[in-house]
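Work through the exercises below with the sequence and the structure at hand. Each task is followed by a solution in steps.

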Amino acid sequence: MESFKPNAHRDHLLVEDLGDELIVYDTSRHEAHCLGKIAALVWQHCNGETTVSELASLVSADLGAPSDEALVWHALDQLSERQLLEPPAAERLRATEWSRREMMQRMGAMAGLALALVTSLPVPTAAQSGSGDTGATGPTGPTGPTGDTGATGPIGDTGAIGDTGA
Amino acid sequence: MDLPRLAKQAASAACDDRRWAAGLAFRAYGRRIGVRMSCPDIVARVAARLPLGWAPAVSPVVERLYSLATDGEACDDGRASRLWVDGGELARTTSADAALDLLEADLQLYVAEMARRRIFIHAGVVGWRQRAILLPGRSFAGKSTLVAELVRAGATYYSDEYAVLDRCGRVHPYARPLSIRDVDGRPRRTTAAALGGRVGERPLPVGLVVVTCYQPGVGWQPRPLTPGDGVLALLAHTLPARRTPAEVLPVLARVMRRAVVLASDRAEARPVAAAILSQYDRLPART
């Protein structure tokens with residue numbers, strides 16, 4: 001597990017640095033992500049050359065407190081779900097599914113560290129940006145007026161040749 | 001002046017064959033827009049529906065062209081008014097007023113999404129102590145009601161609909177009369193002066209963003225959000241967010257490096273307005 005070296009996906013991304021946080025905008029999926037301090041640190045160092053253990057050390061040094069590989073795996077998990085890591089990372093993370101329960105138990109013990117390391121937003125279209133949230137489906141409305149006559153259809157196939165006359 | 005026409009049109013549209021008796025070409029937020037009409041009598045009513053800050057254009061060549069037929073001969077299904085945009089049919093309506101409502105809404109959305117050098121965010125805005133307070137939110141979130149109470153409490157009115165940001169992150173006035181819903185839910189236009197307030201005239205830097213929504217019976221319990229969550233909160237209501245994210249993101253980040261963000265649902269607007277202004281006054285000074 002220690003040899004796993006995740007690589008950040010960086011195509012089609014706009015990044016805005018807010019100090020302790022990063023805003024990442026995926027222009028191909030129109031999703032925006034706010035990476036908290038830990039996720040930002042992990043993602044910025046996902047260069048395909050840094051192991052999970054080394055990432056944990058970087059996080060620990062930056063926080064000025066003991067860190068844990070479980071926390072880095074958790075960050076990688078959230079980054080991968082948002083497609084902010086190269087695909088091999090997702091496969092590798094799936095392969096570690098067995099250890100998630102244990103990891104979450106250990107995370108629970110790390111008081112003060114929020115589990116939501118990445119917050120995401122599907123960016124609305126201009127029309128959606130001012131409309132209300134989608135509510136329940138309303139009753140069926142009255143039948144509308146008859147529409148315009150449609151265009152003439154294409155000419156049909158030639159019919160079969162008839163029987164020869166008597 | 002010639003009737004407005006599109007600079008580029010791939011193919012002639014069905015509405016081009018109709019007889020157009022009048023037209024308006026204007027500029028708004030860097031966009032050139034035209035409206036051609038079947039009835040000259042309706043020009044003044046169209047002009048009253050144009051976006052804030054519009055000015056007549058010299059050239060009839062436009063980027064977006066509306067065609068409004070209200071002559072009663074538009075179609076045979078009882079819908080006497082038709083509206084096209086760039087040659088494509090937008091709506092058929094039974095009354096000219098309904099067509100004008102749709103024209104106004106589409107014009108406003110187009111300008112808000114496509115404006116040059118300005119970023120439109122769905123938000124109420126007031127000025128307070130030389131800073132702007134932004135209330136981002138969708139329609140029916142109670143923005144106008146809260147803005148009205150803030151104005152009654154002494155804040156300066158900027159907008160109940162859009163925060164219009166420049167590239168420095170300052171907010172410019174977009175001060176249509178407030179649209180406040182009556183007990184039946186119908187919007188009613190009210191001026192800031194009628195509320196005892198005044199309208200802001202110069203751009204302000206943002207001091208506070210309040211993420212709130214009306215929820216009956218809910219107490220006002222504001223919690224601070226991080227600058228990053230503040231960017232997401234604004235982005236959710238930014239009209240050109242998808243079209244020009246590379247321009248939008250740096251501006252929102254600039255705003256959030258200076259502003260404080262508070263979030264809470266709310267019930268009655270009046271005590272919340274007083275609480276917002278009081279909390280603003282207790283915030284640490286930001287550069």
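The exercises cover a pocket, an interface between chains and one histidine.

This is a predicted model, in which local features need pLDDT of at least 70 and side-chain atom pairs count only at pLDDT 80 or more, while totals for chains, interfaces and linings use all residues. Residues are numbered from 1 along each chain as its sequence is written, chains are lettered from A in the order in which they are written, and side-chain values use heavy atoms, without hydrogens and water.

**Exercise 1.** Describe the largest pocket and its lining.

Step 1. A pocket is an open set of points on a 1 Å grid over the protein atoms alone, where a 1.4 Å probe fits, with protein on both sides within 12 Å along at least five of seven lines; lining residues have an atom within 4 Å of a point. The volume, the space filled by probe spheres set on the points, is about 1100 Å³ for the largest pocket.

Step 2. The lining has 33 residues, and the closest to the pocket centre are B:Ser139, B:Phe140, B:Glu161, B:Ser179 and B:Arg181.

Step 3. Helices (H or I, at least four residues) and strands (E, at least two) are DSSP runs, numbered from the N terminus. Helix 2 of chain B contributes the most to this lining, namely six residues.

Step 4. By class, the lining holds 13 nonpolar, 10 polar and 10 charged residues. Here Ala, Val, Leu, Ile, Met, Phe, Trp, Tyr, Cys and Pro are nonpolar, Asp, Glu, Lys and Arg are charged, and the others, Gly among them, are polar.

**Exercise 2.** How many residues of chain B are in contact with chain A, and what area do the chains bury?

Step 1. With contact taken as heavy atoms within 4.5 Å, 27 residues of chain B meet 28 residues of chain A.

Step 2. Buried area is the accessible area (1.4 Å probe) that two parts lose on being put together, summed over both. The two chains bury about 2300 Å² between them, 62% of it on carbon and sulfur atoms.

Step 3. A salt bridge needs a side-chain nitrogen of Lys or Arg within 4 Å of a carboxyl oxygen of Asp or Glu. The count between the chains is one: B:Arg257 pairs with A:Glu16, with the closest N and O atoms 3.4 Å apart.

**Exercise 3.** Where is A:His30, and which residues does A:His30 touch?

Step 1. A:His30 sits in the loop between strand 2 (22–26) and strand 3 (31–35) of chain A.

Step 2. Leaving out residues up to four places away in sequence, A:His30 touches A:Tyr25, A:Leu121, A:Pro122, A:Val123 and B:Arg242.
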